[in-house]
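Subject: Structure for you to look at

Dear colleague,

I am passing on the structure we spoke about, with the sequence alongside. Please have it open while you read the notes that follow.

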Amino acid sequence: MRMRQWSGIVHPEPAIRTGRRQAAVSERVTPMATVERSVVIHAPVEKIFSYAAEPSHLPEFWPSMIEVKDVQPLASGGHRFNWVYQMAGMRFDGTSEDVEYTPNQRMIEKSRGGIQSTITWTFLSEGGDTRVTFAAAYSVPVPLLGRLAEAVIVKVNEHEAEALLENLKARMEA
């Protein structure tokens with residue numbers, strides 16, 4: 001998987017390219033796909049957690065997160081927000097809500113809309129460093145292209161997880 005970079009953000013080079021037109025296709029949703037990746041960042045857990053926990057920062061380090069808007073604070077300390085995401089050349093809109101929020105340790109957010117998912121962020125202090133783990137379980141909305149397209153999308157999302165963690169690391173260590 002090739003990576004490209006602009007505005008200081010690493011973006012996975014998509015394996016599937018779609019033209020400007022998007023044909024209307026019926027979709028089916030497959031069982032949950034999963035991805036989990038970790039990175040050690042040379043920065044204190046408090047700094048990393050406070051940055052990553054603010055939804056408006058997501059497009060700064062998450063390559064395919066195009067937009068975050070309508071951020072609302074929750075009594076738990078977490079947030080509810082709307083987002084726009086691009087996967088394999090297709091645009092998805094949705095809403096996420098932090099269903100678990102433990103400062104400097106863990107956030108779990110559930111998303112609904114264009115992509116159903118559960119994303120878990122864990123933050124583990126290791127001396128002065130922090131191990132950040134990103135885990136996502138998501139349904140792949142697969143057009144009639146079938147299983148091959150699904151496998152490619154899953155692979156692209158694995159690289160996406162690696163890129164977003166590397167981007168977060170670069171921002172926190174700068």
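This is a predicted model, and the mean pLDDT of its chain is 84, with 78% of the residues reaching 70 or more. Residues 13–29 need caution, since pLDDT stays under 50 over that stretch, for which the model has 30 contacts beyond four places in sequence. Where pLDDT is low, the predicted coordinates should not be read in detail.

I would begin with the interior. The largest nonpolar core has 40 residues, and those with the most contacts inside it are Trp62, Trp121, Phe123, Val132, Phe134 and Leu168. Helix H3, which covers residues 147–173, gives the most to this core, with seven residues. If we leave aside neighbours within four places in sequence, Trp121 is in contact with a list of residues that includes Phe61, Trp62, Met107, Val132, Phe134 and Leu168, and also Gln105 and Arg106.

Next come the charged side chains. A search of the whole structure finds eight salt bridges. In one of them, Glu162 pairs with Arg37, the closest N and O atoms being 2.9 Å apart. Because Glu162 lies in helix H3 and Arg37 in strand E3 (residues 28–41), this pair ties together parts that are 125 residues apart in sequence. Both partners count as partly exposed, Glu162 at 32% relative accessibility and Arg37 at 26%.

A further salt bridge, at 3.0 Å from N to O, is formed by the side chains of Glu97 and Arg80. Here Glu97 lies in strand E6 and Arg80 in strand E5 (residues 79–87), so the pair ties together parts that are 17 residues apart in sequence. Glu97 is partly exposed at 25% relative accessibility, and Arg80 is partly exposed as well, with a relative accessible area of 28%.

The side chains of Asp93 and Arg91 also meet in a salt bridge, with 3.5 Å from N to O; Asp93 is partly exposed at 39%, whereas Arg91 counts as exposed at 51%. Salt bridges that share partners join Arg37, Lys155, Glu158 and Glu162 into one network.

Which side chain of opposite charge is nearest to Glu109? That side chain is Arg112, 11 Å away, and Glu109, although buried, has no salt bridge. Glu109 is placed in strand E7 (residues 106–113), and, not counting residues up to four places away in sequence, Glu109 touches Phe81, Ser96, Glu97, Asp98, Val99, Ser117, Thr118 and Ile119.

Two backbone angles also deserve a look, given that most residues other than glycine have a negative phi. Asp70, in strand E4 (residues 65–73), has a positive phi near 55°. Beyond four places in sequence, Asp70 touches Arg80, Phe81 and Asn82, and a polar contact of 2.9 Å joins the side chains of Asp70 and Asn82. Asn104 likewise has a positive phi, of about 65°, and is found in the loop between strand E6 (90–102) and E7, where Asn104 counts as partly exposed at 28% relative accessibility.

Finally, there is Ser64, in the loop between helix H2 (58–61) and E4. Ser64 counts as buried because its relative accessibility is 16%, and, apart from residues up to four places away in sequence, Ser64 touches Val84, Tyr85, Gln86 and Glu160.

With best wishes

Definitions and conventions. Residues are numbered from 1 along each chain as its sequence is written. This is a predicted model: local features need pLDDT of at least 70, side-chain atom pairs count only at pLDDT 80 or more; totals for chains, interfaces and linings use all residues. Side-chain values use heavy atoms; hydrogens and water are left out. A nonpolar core is a set of buried Ala, Val, Leu, Ile, Met, Phe, Trp, Tyr and Cys residues joined through side-chain atoms within 4.5 Å. Buried means under 20% relative accessible area, exposed over 50%, partly exposed in between (1.4 Å probe, protein chains only). Helices (H or I, at least four residues) and strands (E, at least two) are DSSP runs, numbered from the N terminus. Contact means heavy atoms within 4.5 Å. Lys and Arg count as positive and Asp and Glu as negative; His and the chain ends are not counted. A salt bridge is a side-chain nitrogen of Lys or Arg within 4 Å of a carboxyl oxygen of Asp or Glu. A polar contact is a pair of N or O atoms within 3.5 Å; within protein, one must be able to donate a hydrogen and the other to accept it, and residues adjacent in sequence count only if both atoms are side-chain atoms. pLDDT is the predictor's confidence in each residue, from 0 to 100.
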